[in-house]
Amino acid sequence: MNSIILFAAGSLRLAFTPLLAAFELESGYRVEATFGPAGMLRERIEQGGRPQVFASANLEHPQRLVASGIAQVVQPFTRNRLCATVRNITALTQPDLLSLLCDPQWRVGTSTPVADPSGDYAQQLFERLEQLLPGQGSALRSRAVALVGGPDSKAIPADRLAAEYLIAEGQADIFLGYASYADALANCPQVKVRMLPAALDFKVTYGLCLLDEGGAAAQQLVAFIQSDQGQSILQRMGMLALD
């Protein structure tokens, strides 16, 4: 069986697992997928790693590969948004989320900026908060801690979700991460997912690209991801439509 090498953002693991299984069944190709922080995967590619397809949680990382001549055109393929996962206690599940984010008694965790787009999106959230409540966004940025997604971050156990694990281990009271994990986190009674207030909410766009070595099989994978079937799987697993 021919194989396709894929590098994909870690936040795509839950959605890509059934998507790749469906693609393999339909196409006869096998996909060797490596999941991780998109910024770190992009660095691996720049240092000589050669997947045939790169799926990032933002557009900037694949665009950088295109600009350097390593990859072909960037194709947006799905969207996501941030949410706040909180410890499941009344003090964190009942009050207004905006007030909680501004309350310095609560420890806020994020992913690592630059290395992981989720961390970059958290920084955008802080900017929005600063515009809404001057002083509060910069205060939150200064006390928020990057707990995952970086080269020196401690590994999350394979059978745990990052937000649930970090809160259960006492490393954070609130974790800012992707809303695509909401359904999976609903099965974790020790945490509760809270959606961001409209003033702080925004959608983010994921992009993929073929590397120069990508052949017909890789093109077929990209086409499947963008197909009605692929998009249906992504959305069933918590991702958002492009439109």
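**View 1. Asn80 sits in strand E4.** The model shown here and in the other views is predicted. Asn80 counts as buried, because its relative accessibility is 0% and the limit for buried is under 20%. The side chain of Asn80 makes a polar contact with the side chain of Tyr206, at 3.0 Å. Neighbours within four places in sequence are left aside in the contact list that follows. Asn80 touches Tyr178, Ala179 and Ser180. Asn80 is also in contact with Phe202, Lys203, Val204 and Tyr206. Met239 and Leu240 complete the list.

**View 2. Thr85 lies in strand E4, which covers residues 75-87.** Is Thr85 buried or exposed? Thr85 is buried, with a relative accessible area of 2%. Its contacts, leaving aside neighbours within four places in sequence, include Ala163 and Ile167. Thr85 is also in contact with Asp173, Ile174 and Phe175. Further contacts of Thr85 are Leu185, Val191, Lys192 and Val193.

**View 3. The largest pocket has a volume of about 880 Å³.** Of the 35 residues that line this pocket, the closest to its centre are Gly10, Ser11, Ile156, Ala162 and Tyr181. Several helices and strands each supply at least two lining residues. Among the helices are H1 (13-27), H2 (38-46), H6 (117-132) and H8 (162-168). The strands are E2 (30-36), E4 and E7 (174-178). Which element gives the most to the lining of the largest pocket? Strand E7 does, with three residues. By class, the lining has 21 nonpolar, 10 polar and four charged residues.

**View 4. Phe23 has its place in helix H1.** Phe23 counts as buried, at 1% relative accessibility. Leaving aside neighbours within four places in sequence, Phe23 is in contact with Ile4, Gly28, Tyr29 and Val31. Ala217, Gln220, Leu221 and Phe224 are also in contact with Phe23. Pro76 is 53 residues from Phe23 along the chain. The C-alpha atoms of Phe23 and Pro76 are separated by 19 Å.

**View 5. Val114 has a positive phi, near 75°.** Most residues other than glycine have a negative phi. Val114 is a residue other than glycine, yet its phi value is positive. Where is the place of Val114? Val114 is in the loop between strand E5 (108-111) and helix H6. Val114 is exposed, with a relative accessible area of 55%.

**View 6. Cys102 and Cys188 are each too far from Cys83 for a bond.** How many disulfides does the structure hold? The structure holds zero disulfides. A disulfide needs two cysteine sulfur atoms within 2.5 Å. The sulfur of Cys102 is 18 Å from the closest cysteine sulfur, in Cys83, so this pair is too far apart for a bond. For Cys188, the closest cysteine sulfur is also in Cys83. That separation is 12 Å, again too far for a bond. Cys102 is buried, with a relative accessible area of 17%. Cys188 counts as buried too, at 14% relative accessibility.

Technical notes:
Residues numbered from 1 in each chain as written. Predicted model: local features only at pLDDT ≥ 70, side-chain atom pairs only at ≥ 80, totals over all residues. Heavy atoms only, no water. Buried < 20%, exposed > 50% of the residue type's maximum accessible area, 1.4 Å probe, protein only. Helix = DSSP H or I, 4+ residues; strand = E, 2+ residues; numbered from the N terminus. Contact = heavy atoms within 4.5 Å. 1 Å grid on protein atoms, 1.4 Å probe; cavity = no way out; pocket = protein on both sides within 12 Å on 5 of 7 lines; lining within 4 Å. Points joined across faces, edges and corners; volume = space filled by probe spheres on them. Nonpolar A, V, L, I, M, F, W, Y, C, P; charged D, E, K, R; others polar. Polar contact = N/O pair within 3.5 Å; in protein donor to acceptor, adjacent residues only side chain to side chain.
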